[in-house]
Each structure stands twice: as C-alpha cells, then as structure tokens.
Amino acid sequence: MMILVTGGSKCGKSHYAESLFEQYTDSKYYIATMQPYGEEAHAAIFRHRKMRAEKHFQTVEQYTDIDRADVPEGGAALLECMGNLLANEMFCGDAIQDCADKITADILCLHKRLQLLVIVTNQVGSDGFRYEKGTSAYIAALGKINQALAAYADSVVECVYGIPLVLKG
C-alpha cells in the first residue's frame, strides 16, 4: 500500500503520517532525506532521530537514490520528505538535473519491496509568484512527481491546519 500525504508548511502532515504507524507492531523505518549542512541541521537531525526512536521507528538516512534505502523486503516505511529528496537529486552538481522521472521510478521500485510506504510531500507553486529559473524548475519537478505518485498511490491525503482531508482512497 502507498499513501501520499501532502500539504503546506507546518500543516500537520508529518504528525499525520507518523500516526498511520501507531498501531503497526512490526519493524517500521523512517527514511530521512534531509542532508545535514551545518551545526543547526545536525542538531535538528539528532532531535528528530530521538523523537522517531521514541515512536519505535528505525531511521535510515538516504539523501538520493531512494530505491537503495536499506529497508527490508515486506517492511513498512515513512519517507520524509519528497521536497528534500528532489532538492538533493536536482541540485547535486553544477547544472540543474532533470530528475522527476528518475525519482518517481525510484519510489515505485522502493514501493514494490514494501508492505506499506507513506510518503510526505509538499504543496509548492500555488502562490502565483514567478521565480527564477532554478526555483521554477524545482516547483515544476515536484508537481510532476506529486501527480505521478498520486496516480499510483492507494490513498492521497492533504493536511490543512492539522486536519487530514482524504482526496483519494
């Protein structure tokens, strides 16, 4: 089963995604995609690892090539977040990488190995502003990935002000 959880910044999507695992008694994995840049990021990652451990998640750090995440066949995983994963893949060199199709394929490959995959993503680009080339490309790529994953997902949930709204499934 694949569940896509989306919403704006600080809307409760992470809390909701984690709540989907509360009754899950087998091993559960938290695939974290935030690359640590600087002392503040390392502190946040340490804090997040501790919070996840309290919820009985095993953290797997995987910044790119998400299909290679070290999670067991038939397991359950929460992937957070698609926005970080895209940035990691897209801006990994001197030129902006066109990687939306690659990331979608990697996610589907990971999904085939798992009993349950919950993906946290972001809604961006609905503000109507015009951005510079790199930001515009990022917004377009995330939209493309979100649309593809929503088509494959068994369930799509949008969190608004902490309220989960089921859009599919």
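**Note on S155 and the two largest pockets**

1. Leaving aside neighbours within four places in sequence, the residues in contact with S155 are M2, I3, L4, K168 and G169. The model discussed here is a predicted one, and the points below should be read with that in mind.

2. S155 belongs to strand β6, which covers residues 155-160. With a relative accessible area of 12%, S155 counts as buried, because the cut-off for that class is under 20%. K168, one of the contacts listed above, also offers its backbone oxygen to the side chain of S155 at a distance of 3.1 Å.

3. The largest pocket has a volume of about 640 Å³, and among its 23 lining residues those closest to the centre are K10, S14, Y30, H48 and E80. At least two lining residues come from each of α1 (13-19), β2 (28-32) and α2 (39-54), with α2 giving the most, namely four. Sorted by class, this lining holds eight nonpolar, eight polar and seven charged residues.

4. The second largest pocket has a volume of about 150 Å³, and its lining includes L4, T6, N122, Q147 and V156. Two or more residues of that lining are supplied by each of the elements β1 (2-7) and α5 (133-152), and α5 gives the most, with five. By class, the lining of the second largest pocket has five nonpolar and seven polar residues, and no charged ones.

5. A link between these points is L4, which is in contact with S155 and also lines the second largest pocket.

Conventions: Residues are numbered from 1 along each chain as its sequence is written. This is a predicted model: local features need pLDDT of at least 70, side-chain atom pairs count only at pLDDT 80 or more; totals for chains, interfaces and linings use all residues. Side-chain values use heavy atoms; hydrogens and water are left out. Buried means under 20% relative accessible area, exposed over 50%, partly exposed in between (1.4 Å probe, protein chains only). A polar contact is a pair of N or O atoms within 3.5 Å; within protein, one must be able to donate a hydrogen and the other to accept it, and residues adjacent in sequence count only if both atoms are side-chain atoms. Contact means heavy atoms within 4.5 Å. On a 1 Å grid over the protein atoms alone, a cavity is a set of points where a 1.4 Å probe fits but cannot get out, and a pocket is an open set with protein on both sides within 12 Å along at least five of seven lines; lining residues have an atom within 4 Å of a point. Grid points are joined across faces, edges and corners, and a volume is the space filled by probe spheres set on the points. Ala, Val, Leu, Ile, Met, Phe, Trp, Tyr, Cys and Pro count as nonpolar, Asp, Glu, Lys and Arg as charged, and the others, Gly among them, as polar.
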